Amino acid sequence: RRLGPVQGGRVQRVTTNLVILTGAGVSAESGLGTFRDTGGIWSKFDPMKLATPEGFAADPEAVHAFYNARRDNLLAATPNPAHHALAELERAWREERRGDFLLVTQNIDNLHEQAGSEALLHMHGELLKSRCERCGHLFEHTDALSLERVCEGCGKAGGLRPHVVWFGEMPLGLDRIYEALARCDLFVAVGTSGTVYPAAGFVQEALSAGAHTVELSLEPGEVSALFAERHHGPASRVVPEWARRAGGRA
Ligand code: APR
């Protein structure tokens with residue numbers, strides 16, 4: 001899909017709509033844990049107790065403690081070359097009007113933002129945001145959440161929760177994601193195990209749209225076989241290498 005139809009003797013410059021999906025692997029070298037690798041977060045903590053609405057209802061303080069600790073880790077973390085390469089690629093895409101660009105992340109950290117990414121969609125929410133289950137007030141914060149913390153929206157305590165999508169809850173932005181996948185020419189999955197749906201199914205949507213598909217990850221994921229192109233290794237090396245090739249194409 002690189003060269004377009006020749007009209008009036010001139011090759012029409014075609015655009016390449018790019019959708020990138022990132023998972024925990026893109027932030028691993030920034031010191032934030034992945035979930036399913038050896039020693040991953042779910043090998044130390046029970047997702048059913050700490051990442052479900054039922055778990056939160058049963059023991060909200062345990063859930064607050066879990067996310068408060070992860071928020072503290074995030075505040076000490078900085079983007080790695082993979083985050084920066086994706087932000088630079090987005091700038092090149094926009095400046096050269098190469099086509100649409102959307103970065104969908106399953107991560108709740110803010111390292112893509114810190115690296116300068118703008119066309120960014122957090123489909124599993126954001127750890128530095130919380131919301132009140134009583135009044136819906138959504139706010140950004142870096143300090144700890146607790147049951148006692150008073151909501152600035154309704155002035156009541158006891159209703160605050162992390163603005164994070166738990167198992168069994170609807171991911172955010174799916175309409176926009178499926179619309180972008182239906183039009184994409186290039187789909188790149190970075191640092192995700194392809195075990196959690198609907199994100200693991202995005203490569204299938206991209207293939208149906210006729211897109212070229214690329215997996216950049218330390219190891220092959222569950223849906224690795226569906227990718228036309230695969231580069232395995234640490235994201236801080238593999239992502240900049242790929243982005244240079246993708247960004248550099250005339
Ligand atoms: N560089 C590149 N990839 C890496 C690196 C690294 N340094 N380290 C690990 N990976 C890869 C692993 O090979 C694996 O494919 O990152 C992936 C991590 O997979 P998971 O831990 O399952 O993380 P993720 O795919 O993002 O999980 C999806 O599950 O628990 C839910 O909501 C949570 O968003 C999360 C979702």
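# Close-up views of a predicted model

**View 1. Thr52 between two helices.** Thr52 lies in the loop that runs between helix 3 (47-50) and helix 4 (53-58). In this predicted model, Thr52 counts as buried, because its relative accessibility is 4% and the limit for that class is under 20%. When neighbours within four places in sequence are left aside, the residues in contact with Thr52 are Pro47, Trp166 and Phe167.

**View 2. The annotated pair Tyr67 and Arg70 in helix 5.** An unreviewed UniProt entry carries the annotation "binding site" for Tyr67 and Arg70, and such an annotation may be inferred rather than shown by experiment. Tyr67 is found in helix 5 (residues 60-75), and helix 5 is also the place of Arg70. Tyr67 is buried, with a relative accessible area of 2%, and Arg70 likewise counts as buried, at 16% relative accessibility. With residues up to four places away in sequence not counted, Tyr67 touches Leu50, Ala51, Ile108, Leu127, Pro162, Val164 and Trp166. For Arg70, leaving aside neighbours within four places in sequence, the contacts are Phe35, Ile41, Ile108 and Leu127. Ile108 and Leu127 thus appear in the list for Tyr67 and again in the list for Arg70, while Trp166, which touches Tyr67, is also in contact with Thr52 of the preceding view.

**View 3. Four annotated cysteines.** The "binding site" annotation of the unreviewed UniProt entry also covers Cys132, Cys135, Cys151 and Cys154. These cysteines span 23 residues in sequence, yet no two of their C-alpha atoms are more than 8.7 Å apart, so they gather at one spot. Cys135 is found in the loop between strand 6 (125-132) and strand 7 (138-140), whereas Cys154 is found in the loop between strand 7 and strand 8 (160-164). Cys135 counts as partly exposed at 39% relative accessibility, and Cys154 counts as partly exposed at 26%. Beyond its neighbours within four places in sequence, Cys135 is in contact with Cys151, Gly153 and Cys154. Cys154, with residues up to four places away in sequence not counted, touches Cys132, Arg134 and Cys135.

**View 4. Sulfur atoms around Cys135.** A disulfide is a covalent bond between the sulfur atoms of two cysteines. In this model the count of disulfides comes to 0. Cys135 is in no disulfide, and the nearest cysteine sulfur, that of Cys151, is 3.6 Å away, a distance to be read against the cut-off for a disulfide, which is sulfur atoms within 2.5 Å. Another cysteine, Cys184, is buried, with a relative accessible area of 1%.

**View 5. From Arg70 to His137.** A wider frame takes in Arg70 and His137, which are 67 residues apart in sequence and 22 Å apart in space, C-alpha to C-alpha. Arg70 is placed in helix 5 and is one of the residues covered by the "binding site" annotation in the unreviewed UniProt entry.

**View 6. The enclosed cavity and its lining.** Rolling a probe the size of a water molecule over the atoms shows where empty space is left. The count comes to 1 cavity of 30 Å³ or more, and the volume of the largest cavity is about 70 Å³. Its lining consists of Leu21, Phe187, Ala189, Thr192, Gly194, Ala199, Ala200, Val203, Glu215, Val223 and Phe227. Sorted by class, the lining of the largest cavity has 8 nonpolar, 2 polar and 1 charged residues.

**View 7. Backbone geometry at Pro198 and Arg97.** Most residues other than glycine have a negative phi, and most peptide bonds are trans. The peptide bond from Tyr197 to Pro198 is cis, with omega near 10 degrees, and Pro198 is found in the loop between strand 9 (186-190) and helix 9 (202-208). Arg97, a residue other than glycine, has a positive phi, near 50 degrees. The place of Arg97 is in the loop between helix 6 (81-95) and strand 4 (101-105), where Arg97 is exposed, with a relative accessible area of 68%.

Note on methods. Residues are numbered from 1 along each chain as its sequence is written. This is a predicted model: local features need pLDDT of at least 70, side-chain atom pairs count only at pLDDT 80 or more; totals for chains, interfaces and linings use all residues. Side-chain values use heavy atoms; hydrogens and water are left out. Helices (H or I, at least four residues) and strands (E, at least two) are DSSP runs, numbered from the N terminus. Buried means under 20% relative accessible area, exposed over 50%, partly exposed in between (1.4 Å probe, protein chains only). Contact means heavy atoms within 4.5 Å. On a 1 Å grid over the protein atoms alone, a cavity is a set of points where a 1.4 Å probe fits but cannot get out, and a pocket is an open set with protein on both sides within 12 Å along at least five of seven lines; lining residues have an atom within 4 Å of a point. Grid points are joined across faces, edges and corners, and a volume is the space filled by probe spheres set on the points. Ala, Val, Leu, Ile, Met, Phe, Trp, Tyr, Cys and Pro count as nonpolar, Asp, Glu, Lys and Arg as charged, and the others, Gly among them, as polar.
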